[in-house]
Amino acid sequence: RPPLPCEERKMSLLALLSRAYLPPRPFSIPTRAAAPRLCTDGGDVKGEEDWRDVRARLVAMEQLEQADPDAPPGLSSPVVSGAPVYETPLIERGSVILGGTQQEFGFALRQQYFHKSVMLLLQHDDAFTRGIILNRPSAMELDGWRVWFGGDVAEGGLFHGNGRAGGTREIVCLHSLTSDAATRLSMPVIRGVQYTTLEGAQALVASGEAERSSFWLFVGYAGWAPKQLQGE
């Protein structure tokens, strides 16, 4: 049978939601660091991601055993081998946090952009926690680059309107480039995802190492003081 009008509306709504929650082009999604620096400071990103994968597989195996207690131990599964996404109270760089819907009335009015937000943490340590909101697109452009609203900290007044732009502006350019040049100008988030500054992105485009469409630009970020995010 042909879809009913209400079903058509639901499908249209789902299409709109999917566009709101996904980047403008295929992006393997998967910090506040001072500024992008050379990835040669002794950090072993590959080793770090190895234990992330091991932990994800252990969680997946536990979920499979709970779903089917009679399954043989170590049963091979695409879910296990694919290192799935899973829910955890652990907060760390590369975590994706989903904003809730139950917020205090005044807070919801002042910071509506956190409602049902999807946030990627770029930094989490004893001093500071910093993340960007992934699902707040805008029609704004900066030097010809389409930008998304990353948060209300260091957005330079770009999204206030009425000519109020000013102050500190921090731009995060997410990408999944793997060239040596891109790695030198970038900071790692998780395996396959790095970020650089707007100047770094412009340099990579000018040198032919990347295209503008290789980057996902965010202006501003969300920040939390030590232990604040855990409390929330």
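Modeller: Let's start with Ser186: its side chain reaches the backbone oxygen of Ala182 at 2.5 Å. Keep in mind that this is a predicted model.

Biologist: Okay. Which other side chain does Ser186 join in a polar contact?

Modeller: That would be His175, with 2.8 Å between the two side chains. For a pair like this, look for N or O atoms within 3.5 Å, one able to donate a hydrogen and the other to accept it.

Biologist: And where in the fold should I look for Ser186?

Modeller: Go to the loop between helix H5 (180-184) and strand E7 (187-190).

Biologist: Is Ser186 buried or exposed there?

Modeller: Buried means under 20% relative accessible area. Ser186 has 0%, so it counts as buried.

Biologist: Let's try Glu92. Which loop holds it?

Modeller: The one running between helix H3 (78-81) and strand E1 (96-98). Glu92 is buried because its relative accessible area is 14%, and the cut-off is 20%.

Biologist: What does Glu92 contact, leaving aside neighbours within four places in sequence?

Modeller: Trp51, Arg52, Arg55, Leu121 and His124. You can also check C-alpha atoms: those of Glu92 and Asp125 are separated by 8.0 Å, with their positions 33 residues apart along the chain.

Biologist: How does Pro137 count, in terms of accessibility?

Modeller: Partly exposed is the range between the buried and exposed cut-offs, 20% and 50%. Pro137 is at 41%, so it counts as partly exposed. You'll find it in strand E4 (residues 137-142).

Biologist: And what does Pro137 touch, not counting residues up to four places away in sequence?

Modeller: Arg146 and Trp148. As for Phe218, it is 81 residues from Pro137 in sequence, yet their C-alpha atoms are 8.9 Å apart in space.

Notes:
Residues are numbered from 1 along each chain as its sequence is written. This is a predicted model: local features need pLDDT of at least 70, side-chain atom pairs count only at pLDDT 80 or more; totals for chains, interfaces and linings use all residues. Side-chain values use heavy atoms; hydrogens and water are left out. Helices (H or I, at least four residues) and strands (E, at least two) are DSSP runs, numbered from the N terminus. Buried means under 20% relative accessible area, exposed over 50%, partly exposed in between (1.4 Å probe, protein chains only). Contact means heavy atoms within 4.5 Å.
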